[in-house]
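Please look over the sequence and the structure shown here before reading on. The report below takes up the overall fold, then two helices, a few individual residues and a pocket.

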Amino acid sequence: MVGYATVYTNAPVFSLVLDRDVDEQLANLYPELYKELKSGRSLSYTSFFTWVLVSVYQGAIIQGLSQILLDSISGPRLISVSFTALVINELLMVAVSVTTWHPVMIICIVGTALVYAASVPFLGDYFDLKFVITLDWLWRVVAVCAVSLVPVWAGKLIKRSWRPPSYRKVRG
């Protein structure tokens, strides 16, 4: 379970360094794109606390909804649903954050998902493995992921349509 902090999150998050808002030629053509960074708008207290709020929301939903759907406050079934939803949530949050895809990003996200799926059979001390192979487990994981992710995605889409970042305007 400690592997979550290293194995299941390391590669996808670090692959984000390959993300580019615009290519180099456009950045050189439109130096005003740097104005947003210099003003501190993208790295402000507001953006920081927005990410904190999103994290608290998603953590509460993943844990709380898993408990509600399983009528349990602990146990291998709860851990298998909540931990799987947590890993999927992290991978999808990385994917939704990407502006320009790079092959390494795809390899990291898909590879991490495969490593997690391959490690589940070895987590029998923590997971109810007989439950993990049922449709009951699957619909609970999908429901928890949907409730934790859809509002965040919707908020991001609404924000981008109302106030698109300057790099979006340049890219078209």
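What pattern does the protein follow, read along the sequence? Read in that direction, the protein follows the pattern α-α-α-α-α-α-α-α-α, with nine helices and zero strands; helices (H or I, at least four residues) and strands (E, at least two) are DSSP runs, numbered from the N terminus. This is a predicted model, in which local features need pLDDT of at least 70 and side-chain atom pairs count only at pLDDT 80 or more, while totals for chains, interfaces and linings use all residues. Residues are numbered from 1 along each chain as its sequence is written, and side-chain values use heavy atoms, with hydrogens and water left out.

Of the 172 residues of the protein, 30% count as buried, where buried means under 20% relative accessible area, exposed over 50%, and partly exposed in between (1.4 Å probe, protein chains only). Residues 24 or more positions apart account for 79% of the contacts with a separation of 6 or more, a contact being heavy atoms within 4.5 Å.

**Two helices**

The table sets out the spans of helix 4 and helix 6; the expected span of a helix is 1.5 Å times one less than its number of residues.

| Helix | Length | Expected span | Distance between end C-alpha atoms |
|---|---|---|---|
| Helix 4 | 26 residues | 38 Å | 37 Å |
| Helix 6 (103-119) | 17 residues | 24 Å | 24 Å |

For helix 4, the distance agrees with the expected span, and for helix 6 there is agreement as well.

Which residues of helix 6 are buried? They are M105, C108, I109, T112, Y116 and S119. These residues cover an arc of only 110° around the axis, which puts them on the same side of helix 6; the arc is that of the directions from the helix axis to the C-beta atoms. On the other side of helix 6, P103, I107 and L114 are exposed. The cover over the buried residues of helix 6 includes helix 1 (10-14) and helix 5 (76-97).

In helix 4 (45-70), the buried residues are V54, Q58, I61, I62, L65, S66 and L70. What covers them includes helix 5, helix 7 (129-132) and helix 8 (135-162).

**Individual residues in and around helix 4 and helix 5**

Y57 is found in helix 4 and is partly exposed, with a relative accessible area of 29%. Not counting residues up to four places away in sequence, Y57 touches V147, S148, P151 and V152. Y57 and P151 are 94 residues apart in sequence, and their C-alpha atoms are 9.9 Å apart in space.

What is the sign of phi at D71, the residue that follows helix 4? The phi of D71 is positive, at about 50°, although D71 is not a glycine. Most residues other than glycine have a negative phi. D71 has its place in the loop between helix 4 and helix 5, and at 73% relative accessibility it counts as exposed.

L78, which lies in helix 5, is buried, with a relative accessible area of 4%. Leaving aside neighbours within four places in sequence, L78 is in contact with Q63, S66, Q67, L70, S72 and I73. L78 and Q63 are 15 residues apart in sequence, with 8.5 Å from C-alpha to C-alpha.

T9 is found in the segment before helix 1 and counts as buried at 14% relative accessibility. Residues up to four places away in sequence not being counted, T9 touches Y4 and E90.

**The second largest pocket**

Rolling a probe the size of a water molecule over the atoms shows where empty space is left. Here a pocket is defined on a 1 Å grid over the protein atoms alone, as an open set of points where a 1.4 Å probe fits, with protein on both sides within 12 Å along at least five of seven lines, and lining residues have an atom within 4 Å of a point.

The second largest pocket has a volume of about 220 Å³, a volume being the space filled by probe spheres set on the points, which are joined across faces, edges and corners. The second largest pocket is lined by 13 residues, of which V13, W51, E90, M93 and V94 lie nearest its centre. The elements that give two or more residues to this lining are helix 4 and helix 5, and the largest share, six residues, comes from helix 5. By class, the lining has eight nonpolar, four polar and one charged residues, where Ala, Val, Leu, Ile, Met, Phe, Trp, Tyr, Cys and Pro count as nonpolar, Asp, Glu, Lys and Arg as charged, and the others, Gly among them, as polar.
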